[in-house]
Amino acid sequence: MTHPTRRGVIAGASSLAALSAGGAFAQSAMPASPVMLNIIDVAGNLQLTQAAIEKFAKDNPKLISRLNFSRAPSPELPAKLKAQQDANRVDIDMVLTGPGAMSDGIQQGLWVDVWKSHTASLPKAEDIYHEQALMMQRNFGQNEGVAVVYSPSGPLFEYMPDKLKSVPKTAEEFLAYVKANPNRFTYARPLNSGPGWTFLQGMPYILGDSDPTDPMNGWAKTWAYLKELGTAIDYYPTGTAATMKELGDGTRDCIVSTLGWDINPRALGIVPKEAKVFTIANTHWIPDTQFMCIPKGVAAAKIPVILALMSHLLKPESQAATYDKGYFYPGPAIKGVTLAMAPQESQDVLKEFGRPEYDGLIASLPTRPPLTPERLVAAFRRWDQEIGVGHAPK
């Protein structure tokens with residue numbers, strides 16, 4: 001789930017003194033000398049958080065000597081981490097991840113259970129998170145991931161109005177449209193795509209499957225629908241950015257999207273501003289949340305510093321910056337952070353490229369939690385084996 005990289009402007013300051021004064025880290029023994037942190041992003045999260053991370057490091061030179069940032073595709077990370085852990089040579093200190101690597105990591109036991117092992121060094125989840133983010137933290141982040149941004153996400157469908165004249169209103173109408181216009185619609189591989197991820201998990205609700213929470217035994221209608229849809233799809237891109245490019249250059253007339261993926265590429269000029277979105281009957285929001293994780297095997301001296309950084313990223317000043325240019329709209333995971341608190345650039349972008357109907361959709365459509373990590377991994381695997389097979393990327 002990668003996106004073009006950019007940084008927001010973050011107001012406010014943070015210092016070790018301020019953190020200590022709040023008592024959040026009274027039980028954390030900080031290192032005697034500053035440490036270097038290696039942070040890897042497999043979710044496009046740095047464009048929301050990098051400036052805040054750098055601000056924390058600048059304000060706390062006694063904690064952090066240097067920051068190293070890297071990016072990688074989500075599917076590659078779990079195997080890389082597992083290999084490092086098996087060799088007792090972990091060189092990744094913090095991971096910024098979406099649901100894919102998060103789920104694999106929980107299944108393989110790759111993450112430190114920060115909420116259990118370091119309770120005193122983090123704020124209380126129920127005190128800071130808004131209701132929807134708390135749902136994601138408890139049901140998905142579990143003990144290992146610290147939710148840092150939240151979006152109702154999707155599924156949405158994004159299209160060019162000069163190409164799609166009659167908007168489908170139901171799943172049946174949408175399937176008929178795709179089959180009547182082969183290769184004019186696609187979506188990205190769910191394992192590495194926020195829109196693909198929400199589309200896959202949203203279809204059981206749209207289609208009225210027997211158990212939307214069970215992809216192996218309760219998705220008979222969904223798997224049949226996706227197979228039939230695939231007869232008019234030439235290939236599934238490996239990531240969302242490719243689908244946006246194809247919508248922008250006219251290769252596709254319609255793609256799967258989300259709130260953030262609708263706003264952000266139009267703001268960046270990748271997709272024409274006049275692109276529109278629609279939902280179909282029985283749509284439920286499948287929220288997307290990005291998490292901060294600490295891999296097992298990280299040097300003990302670094303963990304208190306990482307926990308302090310995590311807590312900093314949950315402060316209102318840092319959270320307000322996650323409105324960004326709409327990439328993960330709205331963005332904030334904590335209570336009480338409004339657009340009026342965001343940098344002026346964010347306010348200007350969302351005024352121009354946001355959609356007035358989004359507030360109504362967010363309020364009116366029901367929200368359902370994503371699959372549990374083990375079931376999400378199973379759904380990704382089944383999609384790869386039954387849907388994606390034979391549709392290799394170009």
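Guide: Welcome! Axes here are lines fitted to C-alpha atoms, for helices over the stretch in contact, and angles run from 0 to 180 degrees between N-to-C directions. The model is a predicted one.

Visitor: At about what angle to β9 does helix α4 run?

Guide: Helix α4 covers residues 99–108. This helix lies across two strands, β3 (94–97) and β9 (286–293). Relative to β9, the helix runs at about 60°.

Visitor: How many residues of β9 are buried?

Guide: Let's take the strand face by face. On one side sit Ile286, Asp288, Gln290 and Met292, and on the other Pro287, Thr289, Phe291 and Cys293, all of them buried. Both faces are therefore covered, since buried means under 20% relative accessible area. The count of buried residues in β9 is 8 of 8.

Visitor: In what order do the strands of the open sheet lie?

Guide: Two of the pairings around β9 help us here: β3 joins β9 through 3 antiparallel bridges, and β4 (residues 146–154) pairs with β9 over 6 bridges, also antiparallel. The whole open sheet has 6 strands and mixed pairing, in the order β2-β1-β3-β9-β4-β10.

Visitor: Which are the edge strands?

Guide: An edge strand pairs on one side only. That description fits two strands, β2 (64–71) and β10 (331–332).

Visitor: Which residue of β2 is the bridge partner of Ile39?

Guide: Strand β1 spans residues 35–41 and runs parallel to β2, with 7 bridges joining the two. Within β2, the bridge partner of Ile39 is Phe69.

Visitor: Which residue stands opposite Cys293 in β9?

Guide: Look along the antiparallel pair of β3 and β9, which 3 bridges join. Cys293 itself is buried, at a relative accessible area of 0%. The residue standing opposite Cys293 is Val95.

Visitor: And which residue stands opposite Phe291 in β9?

Guide: For this one, turn to the antiparallel pairing of β4 with β9. Opposite Phe291 stands Ala147.

Visitor: How many disulfides does the count come to?

Guide: A disulfide is a covalent bond between the sulfur atoms of two cysteines. Cys254 is buried, with a relative accessible area of 0%, and Cys293 is buried with 0% too. With a cut-off of 2.5 Å between cysteine sulfur atoms, the count of disulfides comes to 0.

Visitor: With which side chain does the side chain of Ser193 make a polar contact?

Guide: You will find Ser193 in the loop between β6 (185–186) and α9 (194–207). Ser193 counts as buried because its relative accessible area is 1%, under the 20% limit. At 2.7 Å, its side chain makes a polar contact with the side chain of Thr240.

Technical notes: Residues are numbered from 1 along each chain as its sequence is written. This is a predicted model: local features need pLDDT of at least 70, side-chain atom pairs count only at pLDDT 80 or more; totals for chains, interfaces and linings use all residues. Side-chain values use heavy atoms; hydrogens and water are left out. Helices (H or I, at least four residues) and strands (E, at least two) are DSSP runs, numbered from the N terminus. Buried means under 20% relative accessible area, exposed over 50%, partly exposed in between (1.4 Å probe, protein chains only). A polar contact is a pair of N or O atoms within 3.5 Å; within protein, one must be able to donate a hydrogen and the other to accept it, and residues adjacent in sequence count only if both atoms are side-chain atoms. Two strands pair if DSSP finds at least two bridges between them. Contact means heavy atoms within 4.5 Å.
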